[in-house]
Amino acid sequence: MRGRCLCGAVVFEIEGALPDFYQCHCSQCRKLSGSASDTATFLNRDQFRWRAGEDLIGSYRTPSGYRSDFCRTCGSTVPHLMQNGGQYWVPAGLLEGSTTSRVVAHLCVASKADWDEIRDSGERYPGMPDMAVLNQRLQRAE
């Protein structure tokens, strides 16, 4: 499976099974996405390959450590290597083609916007769950 930014300059490829997704409803993810939540997954490092545009990626970090990597040409949020060094954070909206992955977890629902209605059966966490717990939830046994 491939993914790319809005302008097509940043391109990446995923090998193997794509994990399920989470949606984070915190205020920072709402600002990042411009929507009710940010939908993403964690991909093992050996499954991820940059194909083009890695030199076009900019990065922004808040004092708390919240991170956003983006294409400097079009502004699209793009994947980044996570602090654990073994996985990439991958925004679902960049993926091309069909997938059987689904949203299985909703994070920070205690701080979601009043107008945000969660309508699927994904597990709901009031805040940020332990990363190992979330990672296990996303990784599907196929």
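Okay, let's start with a cut-off: a residue is called buried when its relative accessible area is under 20%. Keep that in mind for T77, because T77 comes out at 17% and therefore counts as buried. I should also say right away that this is a predicted model.

So, the overall picture before we go back to T77. We have 2 helices and 11 strands in this protein. If you walk along the sequence, the order is β-β-β-α-β-β-β-β-β-β-β-β-α. The chain has 142 residues, and for that length a compact globule would have a radius of gyration near 14 Å; ours has 15 Å, so the value agrees. The C-alpha trace spans about 40 × 35 × 25 Å along its principal axes.

A few bulk numbers while we're here. Of those 142 residues, 46% count as buried. Take the contacts with a separation of 6 or more, and 58% of them are between residues 24 or more positions apart. The accessible surface is about 7,700 Å², and carbon and sulfur atoms make up 48% of that. On charge, there are 16 positive and 16 negative side chains, and the centres of the two sets lie 2 Å apart.

Right, back to T77. Where does it sit? T77 is in the loop between β7, residues 67-71, and β8, residues 80-81. And what does T77 touch, once we skip residues up to four places away in sequence? The list is L32, S68, D69, F70, W89, P91 and L94.

Let's follow the last name on that list. L94 is itself a loop residue, between β9 and β10. Its relative accessible area is 10%, so L94 is buried as well. Leaving out neighbours within four places, L94 is in contact with R2, G3, R4 and C5, with F12, and with the run S76, T77, V78 and P79. For a distance on that, L94 and S76 are 18 residues apart in sequence, and C-alpha to C-alpha they are 8.6 Å apart in space.

Now, F12 was one of the contacts of L94, and F12 takes us to the aromatics. There are 6 aromatic pairs in the structure. I'll go through two of them, starting with F12 and F48: ring centres 5.4 Å apart, planes at 20 degrees, so that pair is stacked. F12 lies in strand β2, residues 11-14, and F48 in strand β5, residues 48-52, so the pair ties together parts that are 36 residues apart in sequence. Buried or exposed? F12 is at 0% relative accessibility, so it counts as buried, and F48, at 4%, counts as buried too.

The other pair I picked is W50 with Y88. Here the ring centres are 6.3 Å apart and the planes are at 80 degrees, so this one is edge-to-face. W50 is in strand β5 and Y88 is in strand β9, residues 87-91, so to speak of distant parts of the chain is fair: they are 38 residues apart. W50 has a relative accessibility of 18%, and that counts as buried. Y88 is buried at 11%. Put the two pairs together and you get one aromatic cluster, formed by F12, F48, W50 and Y88.

Two more loop residues before I stop. One is C108, in the loop between β10, residues 103-107, and β11, residues 123-124. What is the phi of C108? It is positive, about 55 degrees, although C108 is not a glycine. C108 is also buried, with a relative accessible area of 11%.

The other is S35, in the loop between α1, residues 27-33, and β4, residues 38-44. S35 has a relative accessible area of 38%, so it is partly exposed. Not counting residues up to four places away, S35 touches R30 and W115. And if you want a long span to look at on screen, try S35 to N84: they are 49 residues apart along the chain, and their C-alpha atoms are separated by 27 Å.

To wrap up, then: T77 is a buried loop residue that touches L94, L94 in turn is in contact with F12, and F12 belongs to the aromatic cluster with F48, W50 and Y88. That's the path I'd trace on the structure. Thanks, everyone.

Key: Residues numbered from 1 in each chain as written. Predicted model: local features only at pLDDT ≥ 70, side-chain atom pairs only at ≥ 80, totals over all residues. Heavy atoms only, no water. Helix = DSSP H or I, 4+ residues; strand = E, 2+ residues; numbered from the N terminus. Buried < 20%, exposed > 50% of the residue type's maximum accessible area, 1.4 Å probe, protein only. Contact = heavy atoms within 4.5 Å. Phe/Tyr/Trp six-rings, centres within 6.5 Å; stacked < 30°, edge-to-face > 60°. Rg over C-alpha atoms; globule rule 2.2 N^0.38 Å. Areas by Shrake-Rupley, 256 points an atom, 1.4 Å probe, with all protein chains shown as cover. Lys, Arg positive; Asp, Glu negative; His and termini not counted. Charge placed at Lys NZ, Arg CZ, Asp CG, Glu CD.
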